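Me: Could you take a close look at the aromatic rings in this model and walk me through how they pair up? I'd enjoy one connected answer.

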Amino acid sequence: MNLYKGCNHGCIYCDSRSLCYQNTEFDIVKPKADALKIIEKELRHKFISRGVIGTGAMSDPYNALEAQLKLTRSALEIINKYKFGISICTKSSLVTRDIDMLKEIKANAPVIIKFSLSTSDDALSKALEPNVCSSSQRLKAVEQLAKAGIYSGVLLWPTLPFLTDKPQQVIDLLKKAKDSGAKFVMAYFGLTLRIGSRDYFFDSLDKLQKDDLIPKDTKEKYIKRYGTRYICNIPSQKTVIKIFKEHCEKLGLLYQFGDIVKDYQKGYSFNPLKSQMSIFDMAEMLNH
């Protein structure tokens with residue numbers, strides 16, 4: 001479910017800037033026409049009785065326009081109406097506005113909120129993600145959700161080579177996530193750079209280096225190590241993954257995708273296919 005097109009968070013590493021997505025005005029957020037009507041129609045005619053709706057993949061559902069337009073809020077009301085669950089990925093603390101609705105959805109179906117963080121350092125976060133709330137504000141939002149009984153955690157995604165990949169940076173984030181009440185931290189120890197997103201990323205590194213916000217040789221390190229590669233895994237990946245897993249287990253944080261899904265869906269039986277499609281169901285499907 002993508003209610004908006006584009007994103008104004010300004011994250012220098014965002015893969016959604018890639019030319020393959022053909023979004024030439026990525027930094028301009030636009031609401032999609034008739035999005036709520038489409039969602040209502042889709043859910044009304046789904047031939048499964050329950051399921052989980054995902055949102056936040058290509059555009060943050062809690063962007064700057066959402067505070068006024070409340071499209072995400074309205075979509076949650078529709079999702080709740082049809083007793084579907086919700087999986088939200090966001091960088092915005094605005095999601096806490098909708099705790100009441102998330103609690104209503106949770107009464108019937110699974111709810112999971114995933115906060116994307118690349119670092120727990122607010123100053124570095126501001127440089128890499130200039131138009132989004134600070135990492136500490138996001139962790140505070142995790143705490144608010146946890147206190148309200150909403151299953152939430154952190155996506156350490158991406159981990160930027162030479163910038164956010166030091167073992168101590170990862171350990172600090174894990175400890176802060178645990179202190180906030182996060183149930184999980186799922187990580188990707190690297191970065192993806194395609195045509196379009198790579199150019200923007202390198203131009204941004206130039207500006208940050210010029211302003212002394214990151215080390216002067218950061219861009220040169222990327223070019224030397226990765227060239228024009230799409231997958232840019234961090235140099236010390238095996239070591240950092242080992243440290244990551246050890247600290248997750250020590251702190252009681254889930255980190256495997258399957259374990260997280262199983263945990264947040266625990267106690268729900270929400271996705272059985274309808275046993276048989278009637279002729280009336282089939283006629284309705286063809287009409288729509």
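Reply: Happy to; here is a walk through the ring pairs, followed by a charge over a ring. Please keep in mind that this is a predicted model. Searching the whole structure turns up 10 aromatic pairs. Let's begin with Phe162 and Tyr222, whose rings meet edge-to-face, with 5.5 Å from centre to centre and 85° between the planes. This pair bridges distant parts of the chain, 60 residues apart: Phe162 sits in the loop between strand E6 (152–156) and helix H7 (167–180), while Tyr222 belongs to helix H9 (residues 218–226). Tyr222 counts as buried because its relative accessibility is 1%, and the cut-off for buried is under 20%.

Another edge-to-face pair joins Phe244 and Tyr255, with 5.9 Å between the centres and 75° between the planes. Here too the partners come from distant parts of the chain, 11 residues apart: helix H10 (residues 237–251) carries Phe244, and Tyr255 lies in the loop between H10 and helix H11 (257–264). Are these two rings buried or exposed? Phe244 has a relative accessibility of 4%, so it counts as buried. Tyr255 is buried as well, at a relative accessible area of 16%.

Back to Phe162 and Tyr222: they belong to a cluster, linked by ring pairs, that also takes in Phe201, Phe202 and Tyr226.

Finally, there is a charge to look at: Arg17 lies over the face of Tyr200, 3.7 Å from the ring centre.

Methods: Residues numbered from 1 in each chain as written. Predicted model: local features only at pLDDT ≥ 70, side-chain atom pairs only at ≥ 80, totals over all residues. Heavy atoms only, no water. Phe/Tyr/Trp six-rings, centres within 6.5 Å; stacked < 30°, edge-to-face > 60°. Helix = DSSP H or I, 4+ residues; strand = E, 2+ residues; numbered from the N terminus. Buried < 20%, exposed > 50% of the residue type's maximum accessible area, 1.4 Å probe, protein only. Lys NZ or Arg CZ within 6 Å of the ring centre and 35° of its normal.
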